[in-house]
Amino acid sequence: MNEQKLVKRSRYLSFVLRHQPQAIGIKLDVSGWVGVDDLLEALEEHNRGMTLEELEEVVRLDDKQRYAFSEDGQSIRATQGHSVDVDLGYESAVPPKILYHGTPDKFVESIKQEGLKKMNRHHVHLHIDVETSMDVGQRRGKPVLLKIRALEMHEAGYEFFVTPNDVWLTDHVPPEYIDTP
Ligand code: HQG
């Protein structure tokens, strides 16, 4: 599958597995899973059909590993980023000393006042590396790199979760833990 087709399919999977499963008439379970057969059938019915092999390719090659199959391979879900109510069941974990968050410069003043908020997602998303964070920040403007003193937050009682693809999640980052350039 070429890159363009892959990205297009991944975007549509995000749409249905994170945000609007009802758009193709599927239901996610409490942990965000849906049967692979049910998904493929629903995609087919909505002119978004693909084969199992193609779905496996999207899951395997997705640049951010956004999707995962269950251990038995019968179900699939998005690994994070939902706006629908799901419990992903990630274990709480001790973060590294510093985590990063890239944001467009137009948001920085507000973030300095209010801290990082989860907005439409379930969590604030943080990364271990600068490059990924800058990529995230540049989606909506000139990116600014924020350094989050994550371990200090954890020691103060804030909870962190980590996804299988190394995205760190937390509820809110208060301004005092954010270092701006
Ligand atoms: C900003 C994508 C003003 C926040 C990406 C961000 C990532 C504030 C935006 C993943 C604010 C929310 C997550 C405040 C936060 N005032 N702006 N107090 N607090 N913001 O998309 O972190 O492709 O929900 O900085 O690549 O940008 O979906 O979060 O700019 O990995 O897999 O509000 O989503 O991955 O935007 O991105 P988002 P994000 P996927």
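His125 is buried in this predicted model, with a relative accessible area of 17%. The cut-off for buried is under 20%, so His125 falls inside that class. The residue lies in strand β5, which spans residues 124–127. The points below move from this strand to the other sheets, the helices, the ligand and two loop residues.

**His125 and strand β5**

- Setting aside neighbours within four places in sequence, His125 is in contact with Gln80, Gly81, His101, Val167, Trp168 and Leu169.
- Strand β5 is covered on both faces. Val124 and Leu126 are buried on one side, and His125 and His127 are buried on the other.
- Strand β5 runs antiparallel to strand β8 (residues 167–170), and 4 bridges join the two.
- Leu126 has Trp168 as its bridge partner in β8. Trp168 is also among the contacts of His125.

**Strands β4, β6 and β9**

- Strand β4 (residues 98–104) is joined to β6 by 7 bridges, and the two run antiparallel.
- His101 has Leu146 as its bridge partner in β6. His101 is also one of the residues that His125 contacts.
- Strand β6 covers residues 143–149 and has two unlike faces, one covered and one uncovered. Val144, Leu146 and Ile148 make up the covered face. Pro143, Leu145, Lys147 and Arg149 make up the uncovered face.
- Strand β9 (residues 178–179) is joined to β6 by 2 bridges, again antiparallel. Lys147 of β6 has Asp179 as its bridge partner there.
- Thr103 is found in β4. Thr103 counts as buried because its relative accessibility is 4%.
- Beyond four places in sequence, Thr103 touches Val108, Ile111, Gly137, Lys142, Pro143, Val144 and Leu146. Val144 and Leu146 belong to the covered face of β6, whereas Pro143 belongs to the uncovered one.

**The three-stranded open sheet**

- An open sheet is formed by 3 strands in the order β1-β3-β2, with antiparallel pairing.
- The edge strands are β1 (34–35) and β2 (67–69). Each has a single partner strand, so one side of each is left without a neighbour in the sheet.
- Strand β3 covers residues 75–78, and 2 bridges join β1 to it in antiparallel fashion. Gly35 has Ser75 as its bridge partner in β3.

**Helices α1 and α3**

- Helix α3 (residues 52–61) lies across β2 and β3. The helix runs at about 125° to β2.
- Leu55, Glu57, Val58 and Val59 are the buried residues of α3. These buried residues pack against α1, α2 (36–45), β2 and β3.
- Leu17 lies in helix α1, which spans residues 3–19. Leu17 counts as buried, since its relative accessibility is 0%.
- Leu17 touches Ile26, Leu28, Val34, Leu39, Tyr67, Ile76, Arg77, Ala78 and His82, leaving out residues up to four places away in sequence.
- Leu17 and Gln113 are 96 residues apart along the chain. Their C-alpha atoms are separated by 33 Å.

**The ligand site**

- There are 20 residues around the ligand. Arg18, Lys64, His101, Ser110 and Arg139 come nearest.
- His101 appears here as well as among the contacts of His125.
- Arg66 places a polar side-chain atom 2.8 Å from an oxygen atom of the ligand.
- Arg121 places a polar side-chain atom 2.7 Å from an oxygen atom of the ligand.
- Gly115 uses its backbone instead: an N or O atom there lies 2.9 Å from a nitrogen atom of the ligand.
- Taken alone, the ligand exposes 770 Å², and the protein buries 90% of that.

**Two residues with positive phi**

- Most residues other than glycine have a negative phi. Gln65 has a positive phi of about 50° although it is not a glycine.
- Gln65 sits in the loop between α3 and β2. Gln65 is partly exposed, with a relative accessible area of 35%.
- Met119 also has a positive phi of about 50° without being a glycine.
- Met119 sits in the loop between α4 (108–114) and β5. Met119 counts as exposed because its relative accessibility is 66%.

Methods: Residues numbered from 1 in each chain as written. Predicted model: local features only at pLDDT ≥ 70, side-chain atom pairs only at ≥ 80, totals over all residues. Heavy atoms only, no water. Buried < 20%, exposed > 50% of the residue type's maximum accessible area, 1.4 Å probe, protein only. Contact = heavy atoms within 4.5 Å. Pairing = 2+ DSSP bridges. Axes fitted to C-alpha atoms, helices over the stretch in contact; angles between N-to-C directions. Near = heavy atom within 4 Å. Polar contact = N/O pair within 3.5 Å; in protein donor to acceptor, adjacent residues only side chain to side chain. Areas by Shrake-Rupley, 256 points an atom, 1.4 Å probe, with all protein chains shown as cover.
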